[in-house]
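User: I am new to this structure and would like one part of it explained slowly. Please take a close look at the question of disulfides, and then place the answer within the surrounding fold.

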Amino acid sequence: MTSSHTARAHHRSLGAALAAAGLLATMLAAAGPASATPDPGDLSPGSGSRQSAGSAQERELAPGEIPGRDEIVHSRNLKPLANIPSANPDGINSDIAFQGRYAYAGNYDGFVIYDIGNPKTPKVVTRVLCPGGQNDISVSGDLLFLSTDSSRSDDSCNSVSQPATEKSSWEGIKIFDIKDKKNPKYIKSVETACGSHTHTLVPGSRDIYLYVASYSPNEAFPDCKPPHDGISVVKVPKKAPTQASVVGFPVLFPDGGNPGAPTNPGVSKTTGCHDITVLPSKDLAAGACMGDGILFDISEPERPRVIDRVQDNVNFAFWHSATFNERADKVVFTDELGGGSSATCNEATGPNRGADGIYEITGRGDQRKLVFKSYYKIPRHQADTENCVAHNGSLVPVGGGRDIMVQAWYQGGVSVWDFTDSTRPREIAYFERGPLTTDALGLGGSWSAYYYNGHIYSNDIVKGLDVLKLDDRRTDSAAWVRMDRLNVQTQPDYR
């Protein structure tokens with residue numbers, strides 16, 4: 001199951017602007033035709049000195065201040081407890097899932113299992129090498145699921161990069177048995193159209209379903225030809241997971257979705273979805289699908305049905321992810337302007353682009369609508385050498401009708417913000433490091449920041465796993481919410 005580190009090959013490049021800036025990896029020469037794509041899988045991480053949480057100074061930022069290179073700063077109510085550095089300084093860390101006392105952190109080389117039974121002293125249980133960007137991750141019982149959205153020579157953990165133009169290339173879902181945490185076993189793969197950029201676990205009594213999001217088809221790709229206007233549905237029998245298979249490809253955009261440029265300049269054309277969040281207790285899901293945001297019914301898991309669809313052709317460039325509030329009457333969508341590899345948290349970009357969009361859900365049943373209310377963006381400007389934009393986050397389950405979320409902003413760090421008033425969101429806590437580099441745009445920062453059983457866990461692209469403690473009267477009630485698992489895109493009913 002182990003292999004040496006291999007170069008990452010992703011069949012969707014970041015486009016001419018970044019290539020001109022010299023930020024794309026040399027492997028793009030072997031990839032297929034270029035198209036606009038988010039997520040920094042083809043970039044090389046920025047370099048910076050590794051600093052333990054214990055060396056952080058108790059210091060808040062002054063208004064308009066940018067911290068020094070690699071300097072750790074944070075609000076008084078959000079303090080770093082621990083950091084486990086990345087084993088591969090040239091790798092890229094991605095998403096996180098939780099189960100019991102364990103955190104499962106994906107990276108482009110595979111995944112790491114951490115024991116977080118004592119959040120102050122987390123420990124590495126095992127590191128699994130299985131290259132394939134971006135290794136989006138979820139867990140259920142003794143099963144772990146990984147998304148592969150980079151063209152590989154085969155479905156093994158010893159695969160190497162191979163152009164998507166070759167029919168034999170493989171992308172999709174990998175399934176591991178994690179009963180033995182020290183020795184996970186790879187048991188099954190499922191190939192999916194255009195790979196699996198992300199996936200979302202939909203639980204069931206007998207079967208698990210995975211909604212596989214992928215995008216950017218091309219006539220030159222034998223396994224990823226247009227139109228690609230839906231998602232793959234993978235069915236995993238709980239008692240026979242090696243029989244997992246694709247059982248459907250529901251079309252979500254029969255009209256083709258957002259046409260993008262030139263009709264809507266600066267907006268991504270919808271050719272699939274980037275991420276989906278399901279709320280099983282309400283048979284509801286929200287999809288972030290490149291140029292569109294959608295609300296859909298999942299009462300029949302194999303046949304999800306769109307209820308409403310919205311666009312923002314003024315301020316949203318790429319609909320990236322979605323989060324429901326606890327009452328399920330709001331959805332926060334994120335815009336990953338610049339694909340996560342640009343400096344967009346600056347004065348020039350402004351407060352409404354590369355931000356979160358807060359939508360309220362009105363009406364009932366099939367008459368439900370998504371109604372825009374406001375944008376949220378971190379109020380701390382970042383340097384022009386820092387990649388920064390809205391990214392993965394989760395609710396802080398405070399209850400009582402209040403809506404508070406923790407969120408990753410790449411080199412913008414971790415932000416805790418309150419959107420109880422949908423029209424006036426505001427930051428209440430933050431943690432960040434100064435720029436990785438000061439002479440050129442670097443890639444780093446928090447990919448995912450999630451609240452789980454009293455602590456915030458952040459998977460930093462370069463720095464590894466950070467554990468943070470939030471101490472604020474507005475969020476104290478969340479400490480009473482104890483969970484035995486958390487796949488953030490499978491949003492629980494916290495109460």
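Analyst: What follows goes through the disulfides one at a time, and then turns to the sheets, the cores and one loop residue.

The model is predicted, and a search of the whole of it finds four disulfides. If the bonded cysteines are counted along the chain, they are joined in the pattern 1-2, 3-4, 5-6, 7-8.

One of these disulfides joins cysteine 194 to cysteine 224, with a distance of 2.0 Å from sulfur to sulfur. This link is right-handed, because the torsion about its S-S bond is about 95°. Cysteine 194 sits in the loop between strand 10 (185-191) and strand 11 (198-202), while cysteine 224 sits in the loop between strand 12 (207-213) and strand 13 (232-237), so the bond ties together parts of the chain that are 30 residues apart in sequence. Cysteine 194 and cysteine 224 are both buried.

The strands named around this pair reappear in a sheet. Strands 11, 12, 13 and 14 make up an open sheet of four strands, set side by side in the order 11-12-13-14 and paired in the antiparallel sense. Strand 11 and strand 14 are its edges, each of them pairing on one side only. On average, and with direction ignored, neighbouring strands of this sheet are turned by 35° against each other. Strand 12 and strand 13, whose connecting loop holds cysteine 224, run antiparallel and are joined by six bridges. Within this pairing, tyrosine 209 has lysine 235 of strand 13 as its bridge partner.

Another disulfide is formed by cysteine 273 and cysteine 289, whose sulfur atoms lie 2.1 Å apart. The torsion about this S-S bond is about 80°, so this disulfide too is right-handed. Its two ends lie in unlike settings, for cysteine 273 belongs to the loop between strand 14 (245-248) and strand 15 (275-279), whereas cysteine 289 belongs to strand 16 (residues 284-289), so the pair ties together parts that are 16 residues apart in sequence. Cysteine 273 and cysteine 289 are both buried.

A further disulfide links cysteine 345 with cysteine 388, and here the sulfur atoms are 2.0 Å apart. The torsion about the S-S bond is -75°, and the link of cysteine 345 and cysteine 388 is left-handed. It connects distant parts of the chain, 43 residues apart: cysteine 345 is in the loop between strand 20 (330-335) and strand 21 (356-362), and cysteine 388 is in the loop between strand 22 (369-376) and strand 23. Cysteine 345 counts as buried because its relative accessibility is 3%, against a limit of under 20%. Cysteine 388, with a relative accessible area of 0%, is buried as well.

Beyond strand 23 the chain offers a contrast in exposure. Glycine 401 lies in the loop between strand 23 (393-395) and strand 24 (404-408), and its relative accessibility of 28% is why it counts as partly exposed. Leaving aside neighbours within four places in sequence, glycine 401 is in contact with Arg327 and Thr420. Computed along the sequence, glycine 401 and glutamate 326 are 75 residues apart, yet from C-alpha to C-alpha the distance in space is 7.8 Å.

The fold also has nonpolar cores, of which the largest has 31 residues, with Phe98, Tyr114 and Tyr457 making the most contacts inside it. Strand 2 (78-84), strand 3, strand 4 (102-107), strand 5 (110-115), strand 27 (446-452) and strand 29 (464-470) each supply at least two residues of this core. Tyrosine 457 touches a list of residues beyond its sequence neighbours, including Ile96, Phe98, Pro119, Tyr450 and Leu465. Apart from this core lies another, of 19 residues, with Leu284, Leu295, Val310 and Val331 among them.

Several strands that supply the largest core also belong to an open sheet of five strands, which has the order 6-5-4-3-30 and antiparallel pairing. Its edge strands, each pairing on one side only, are strand 6 (123-129) and strand 30 (485-486). Strand 3 (residues 93-99) and strand 30 pair over two bridges in the antiparallel sense, and glutamine 99 stands opposite arginine 485 in strand 30.

Methods:
Residues are numbered from 1 along each chain as its sequence is written. This is a predicted model: local features need pLDDT of at least 70, side-chain atom pairs count only at pLDDT 80 or more; totals for chains, interfaces and linings use all residues. Side-chain values use heavy atoms; hydrogens and water are left out. Buried means under 20% relative accessible area, exposed over 50%, partly exposed in between (1.4 Å probe, protein chains only). Contact means heavy atoms within 4.5 Å. A disulfide is a pair of cysteine sulfur atoms within 2.5 Å. Two strands pair if DSSP finds at least two bridges between them. A nonpolar core is a set of buried Ala, Val, Leu, Ile, Met, Phe, Trp, Tyr and Cys residues joined through side-chain atoms within 4.5 Å. Axes are lines fitted to C-alpha atoms, for helices over the stretch in contact, and angles run from 0 to 180 degrees between N-to-C directions.
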